[in-house]
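Please open the model in your viewer and display it as a cartoon. The tour below proceeds from the whole chain to individual selections.

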Amino acid sequence: MTEYGRGPGSEPWHPEDPLYGDQGWGGQQSAPGQSQYGGQQQPYPQDPYAQQQSQDPYAQQQQSQDPYAQQQPQDPYAQQHYQQQPAYGAPQDPYAQQQQPQPQQSQYDNGGWDTGQQSAAAPYDAQQADPYGGRQAGYGETHDYYSTPEAYPPPQPPGRREAVAEQAPTQSPDWDPEVQPEETHPFFTGADDREDNDDEYDDDPRESRRGGRGGNERRGKGKKKSRSGVACLVVSVVLVGGLGGLGYVGYSYWQDKFGAAPDYTGTGTGEVEVEIQKNAFGYDIGNILKQKGVVKSVDAFVAAQKENPKGNSIQAGVYLLHEKMSAAEAVKMMVDPNSQNLLVIPEGYRNVTIYGMVDKKLRLKKGTTKGIATSKASDLGLPDWASNNKDIKDPLEGFLYPAAYPVTKETKPETILKKMVSRANEEYDKLDLEGAAKKYNLDGPWQVLTVASLVQAEGLTHDDFRKMAEVAYNRLKPTNTVTNRKLQFDSSFNYLKNQSKIKIGSSEILSNPDPYNTYYHEGLPPGPISNPGDEALRATLNPTGDGWMFFISLDGKKTEFTKTAAEHERLNKKFKEQHGLD
């Protein structure tokens with residue numbers, strides 16, 4: 001017989017033989033021209049594997065491609081290995097060949113049995129020797145593991161074998177790396193370690209040989225396995241819940257940082273009173289609106305305020321808004337003065353008129369606010385320089401400063417009165433009333449405020465205010481012989497009469513002895529006769545110096561000023577003719 005791989009001849013095995021082309025179980029090969037058994041060239045005729053021992057087509061190829069063949073020439077086991085080779089034809093340990101890693105060949109990529117090119121037999125110096133060869137007896141002392149009914153199945157093709165030798169003892173011959181092993185943990189299989197009598201055993205003798213659990217391996221049966229579904233369901237629910245929670249947190253974070261701010265749509269419903277304090281800015285206002293249920297978020301309001309050209313003009317006050325309205329609509333209403341719930345006090349109004357306005361705004365009985373002002377005047381915050389003259393008709397006159405005051409349905413009369421007095425003190429502190437009193441020979445800030453109230457009541461324009469202040473100061477001078485220090489202002493007589501007339505008869509005005517009648521008494525009235533505004537106050541502190549002594553308004557729209565009594569008498573005569581007065 002011609003040796004396989006040395007020349008032409010018939011193939012020793014059929015391709016369907018499971019060991020066809022398998023170099024993994026080949027024994028030691030003799031060098032060309034040599035024999036392991038004293039020159040006998042023919043293998044034992046009855047050993048079906050003898051021919052494979054000398055004709056393994058992959059022996060040389062394995063040697064040449066083993067990455068460790070040349071890197072470990074000084075293997076301490078090499079000499080012992082070659083000295084303990086078994087006799088020719090002796091059966092090999094089926095696990096000996098798996099102790100060395102088998103390099104993967106290109107022809108096994110598809111798991112086939114293609115023989116490829118024929119190779120020469122490997123010499124003894126190749127690393128194919130069985131490291132357990134020294135344990136084997138000579139030829140014929142052990143039986144062939146593949147020739148009995150209890151034999152192992154043939155080995156798998158080299159392309160499907162496990163590359164790592166240490167894993168071989170725990171793998172069955174029919175193991176498929178692409179098939180996931182069945183879960184055997186008690187948590188998933190439902191097996192109970194305490195129920196030893198109900199377990200099934202694996203009788204495969206290979207288990208004990210490979211150091212595994214062997215026959216003691218348990219497999220859950222029937223009803224026990226039903227727990228696996230519940231366990232998987234619990235795990236799935238936990239995972240889904242955890243992922244859902246993380247997803248929600250992530251979405252909330254993204255929405256908070258990068259998403260559009262939450263906002264309502266439309267103009268809302270109902271009516272909500274919102275009070276904005278002084279020095280409140282965008283975020284402050286937004287927080288107040290959110291707390292009142294007007295807007296959905298502070299960021300939405302701030303964004304809408306920036307987009308509105310008039311957004312920065314929102315002032316302190318009370319606004320009548322709606323519930324659940326869009327931020328843009330809220331800003332639009334707040335920049336509209338009509339949306340504010342304010343009590344607006346015009347310049348020059350008397351206290352008696354203001355009391356009526358408060359009653360009406362707070363929907364109180366007429367006279368309620370006046371009664372509180374009379375009874376609690378000393379508790380409303382008047383300054384120390386306020387006069388306590390018994391002739392003063394209203395100690396709060398001149399201290400209900402003209403401005404816009406926010407009110408709500410819950411606002412009390414004393415609360416709004418305190419706000420007005422507080423605002424007056426704040427504005428008066430900005431002015432040098434004490435210095436003006438000394439400059440114009442007046443008795444303190446109280447009389448300066450009284451002059452300002454007269455200027456406010458008689459003047460019509462800013463220029464009128466300054467000229468009117470000069471007229472008052474000139475008539476109060478001790479050197480005034482034209483009017484003999486009498487102011488002769490109609491406004492003071494109208495105040496005591498609680499009227500606003502421009503037609504006052506001479507007999508009536510010259511005969512009334514009331515302290516507020518400046519036609520009857522010299523000097524200033526006991527106190528202010530109105531609530532002057534900022535313009536009248538500043539004009540009182542900075543009057544003209546042109547020598548004006550008289551004034552008169554012919555049509556109630558324009559005031560004429562004169563310096564001499566003759567000029568004034570000519571205009572006064574004209575006025576009487578127009579109005580039919582004596």
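Helices and strands are here DSSP runs, with at least four residues for a helix (H or I) and at least two for a strand (E), numbered from the N terminus. Under that convention, the protein chain contains 19 helices and six strands. Please note that this is a predicted model.

**The whole chain**

Select the entire protein chain and colour it by burial. Of its 582 residues, 38% are buried. The accessible surface amounts to about 34,100 Å², and carbon and sulfur atoms hold 49% of that surface. Turn next to the contacts with a separation of 6 or more: in 69% of them, the residues are 24 or more positions apart.

**Helix 8**

Select residues 298–307, which form helix 8. Which residues of this helix are buried? They are Val298, Ala300, Phe301, Val302, Ala304 and Gln305. Add residues 282–291 and 327–334 to the selection: these are helix 7 and helix 9, and both are among the elements that cover the buried residues of helix 8.

Now show Ser297 as sticks. This residue caps the N-terminal end of helix 8. One of its side-chain oxygens lies 3.2 Å from the backbone nitrogen of Ala300, itself one of the buried residues in the helix.

**Asn425 in helix 12**

Move to residues 413–429, the extent of helix 12, and centre on Asn425. Is Asn425 buried or exposed? Its relative accessibility is 18%, and the cut-off for burial is under 20%, so Asn425 counts as buried. Display Gly381 as well: the side chain of Asn425 reaches the backbone oxygen of Gly381 at 2.9 Å. Leaving aside residues up to four places away in sequence, Asn425 touches Gly381, Pro383 and Phe399.

**Two asparagines with positive phi**

The next selections concern backbone torsions. Most residues other than glycine have a negative phi. Select Asn484, in the loop between helix 15 (462–475) and helix 16 (490–497). Although Asn484 is not a glycine, its phi is positive, at about 60°. With a relative accessible area of 44%, Asn484 is partly exposed.

Continue to Asn498, in the loop between helix 16 and helix 17 (506–511). What is the phi of Asn498? The value is near 55°, again positive in a residue other than glycine.

Methods
Residues are numbered from 1 along each chain as its sequence is written. This is a predicted model: local features need pLDDT of at least 70, side-chain atom pairs count only at pLDDT 80 or more; totals for chains, interfaces and linings use all residues. Side-chain values use heavy atoms; hydrogens and water are left out. Buried means under 20% relative accessible area, exposed over 50%, partly exposed in between (1.4 Å probe, protein chains only). A polar contact is a pair of N or O atoms within 3.5 Å; within protein, one must be able to donate a hydrogen and the other to accept it, and residues adjacent in sequence count only if both atoms are side-chain atoms. Contact means heavy atoms within 4.5 Å. Accessible areas come from the Shrake-Rupley method with a 1.4 Å probe; for residues, only the protein chains shown count as cover.
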